[in-house]
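Q: Could you walk me through this model before I get back to the bench? I'd like to start with the overall layout and then go into some details.

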Amino acid sequence: VCGRETFLSVGYFMKKKSFALLFLSVTLSGLAFWLIPRLPEIERDLLEQLANRSAKEYFAGSIRIERVSLDRHFMIRLTGITAKLQTRQGPVPLAARSLESQDSLFLLVSRKPVRFFFEGIRPEISSRTGISGNFMIQTGPDSKFELTADLGKTGLEDWQWLDPQDLGGATGSLKGSLTFRQLAGREPEFSLDLEAPEPGGNIQARFFDLFLPY
């Protein structure tokens with residue numbers, strides 16, 4: 001009798017354990033089926049929060065990302081980015097077509113450089129292609145940030161928000177490039193080269209009063 005009771009107890013325990021494992025398996029499978037399709041959305045929301053937190057001073061929590069994809073090498077791609085840049089004249093709605101890393105984001109943890117490529121940065125109301133270029137970030141004590149941008153697919157009208165009083169009504173194509181470099185503990189280096197190719201454009205004469213003292 002004692003042996004039979006022990007056998008029944010063991011059987012009951014095994015049945016209970018099997019049921020628990022089955023329940024756990026079904027639960028985990030259900031969670032996976034629910035979570036996997038939503039991973040891109042979770043990644044996007046997390047990235048939006050991080051971007052808005054770090055750039056709150058400039059965009060006041062207005063950064064939105066349409067889509068985020070992260071491959072198995074931890075290289076990231078963002079598309080459909082919009083934000084409202086805070087200026088003295090009020091918020092300026094901006095848009096960017098895409099931003100993607102050329103290296104694994106894991107390199108940031110090991111304090112190695114990570115390169116990014118971007119394209120289509122422009123005011124939302126602009127019909128032009130916008131700014132494209134690349135930048136590099138390196139974290140740690142020897143932190144570094146370097147940016148190069150091609151302004152050849154923008155127009156004078158895209159820059160009116162910088163100084164609406166003097167640049168209001170400006171039109172015409174632009175050609176040129178912008179470079180920016182910031183090394184840890186050093187003053188930033190900035191360079192801008194612009195020209196208006198034929199047939200030129202229009203700009204208010206008083207805009208040039210800014211340069212008369214020089």
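The chat below goes through the fold, the cores, a pocket and two single residues.

Q: Which helices and strands does the protein have, and how many?
A: This is a predicted model, and in it the protein has five helices and eight strands. Read from the N terminus on, the elements run α-α-α-β-β-β-α-β-β-β-α-β-β.

Q: And what share of the residues is buried?
A: Buried residues make up 23% of the 214 residues, while the accessible surface comes to about 15300 Å², with 61% of that surface belonging to carbon and sulfur atoms.

Q: Which residues touch the most other members in the largest nonpolar core?
A: That core has 15 residues, and those touching the most other members are Leu78, Leu99, Phe116, Phe118 and Phe135. At least two residues of this core come from each of the strands S1 (64–70), S2 (76–87), S3 (90–101), S4 (114–123), S5 (131–138) and S6 (144–150).

Q: What is Phe118 in contact with, sequence neighbours aside?
A: Leaving out neighbours within four places in sequence, Phe118 is in contact with Ser98 and Leu99, with the run Ile131, Ser132, Gly133, Asn134 and Phe135, and with Leu147, Thr148 and Ala149. There is also a second, separate core of seven residues, and Phe59, Ile63, Leu85 and Val92 are among them.

Q: Switching to pockets, what lines the second largest one?
A: The second largest pocket, with a volume of about 170 Å³, is lined by Val92, Pro93, Pro123, Glu124, Ile125, Ser126, Glu157, Asp158, Gln160, Trp161 and Pro164. The residues of that lining divide into six nonpolar, two polar and three charged.

Q: Is Val109 buried or exposed?
A: Val109, which sits in helix H4 (residues 106–109), is exposed, because its relative accessible area is 68% and the cut-off for exposed is over 50%. Val109 and Thr139 are 30 residues apart in sequence, and their C-alpha atoms are 7.9 Å apart in space.

Q: Then why does Gln182 count as partly exposed?
A: Gln182 has a relative accessible area of 26%, so this residue falls between the limits of under 20% for buried and over 50% for exposed. Gln182 lies in strand S7 (residues 175–183).

Q: What does Gln182 touch?
A: Not counting residues up to four places away in sequence, Gln182 touches Ser143, Lys144, Phe145, Glu187 and Pro188. Gln182 and Leu147 are 35 residues apart in sequence, with 9.1 Å between them in space, C-alpha to C-alpha.

Technical notes: Residues numbered from 1 in each chain as written. Predicted model: local features only at pLDDT ≥ 70, side-chain atom pairs only at ≥ 80, totals over all residues. Heavy atoms only, no water. Core = buried A, V, L, I, M, F, W, Y, C linked by side-chain atoms within 4.5 Å. Buried < 20%, exposed > 50% of the residue type's maximum accessible area, 1.4 Å probe, protein only. Helix = DSSP H or I, 4+ residues; strand = E, 2+ residues; numbered from the N terminus. Contact = heavy atoms within 4.5 Å. 1 Å grid on protein atoms, 1.4 Å probe; cavity = no way out; pocket = protein on both sides within 12 Å on 5 of 7 lines; lining within 4 Å. Points joined across faces, edges and corners; volume = space filled by probe spheres on them. Nonpolar A, V, L, I, M, F, W, Y, C, P; charged D, E, K, R; others polar. Areas by Shrake-Rupley, 256 points an atom, 1.4 Å probe, with all protein chains shown as cover.
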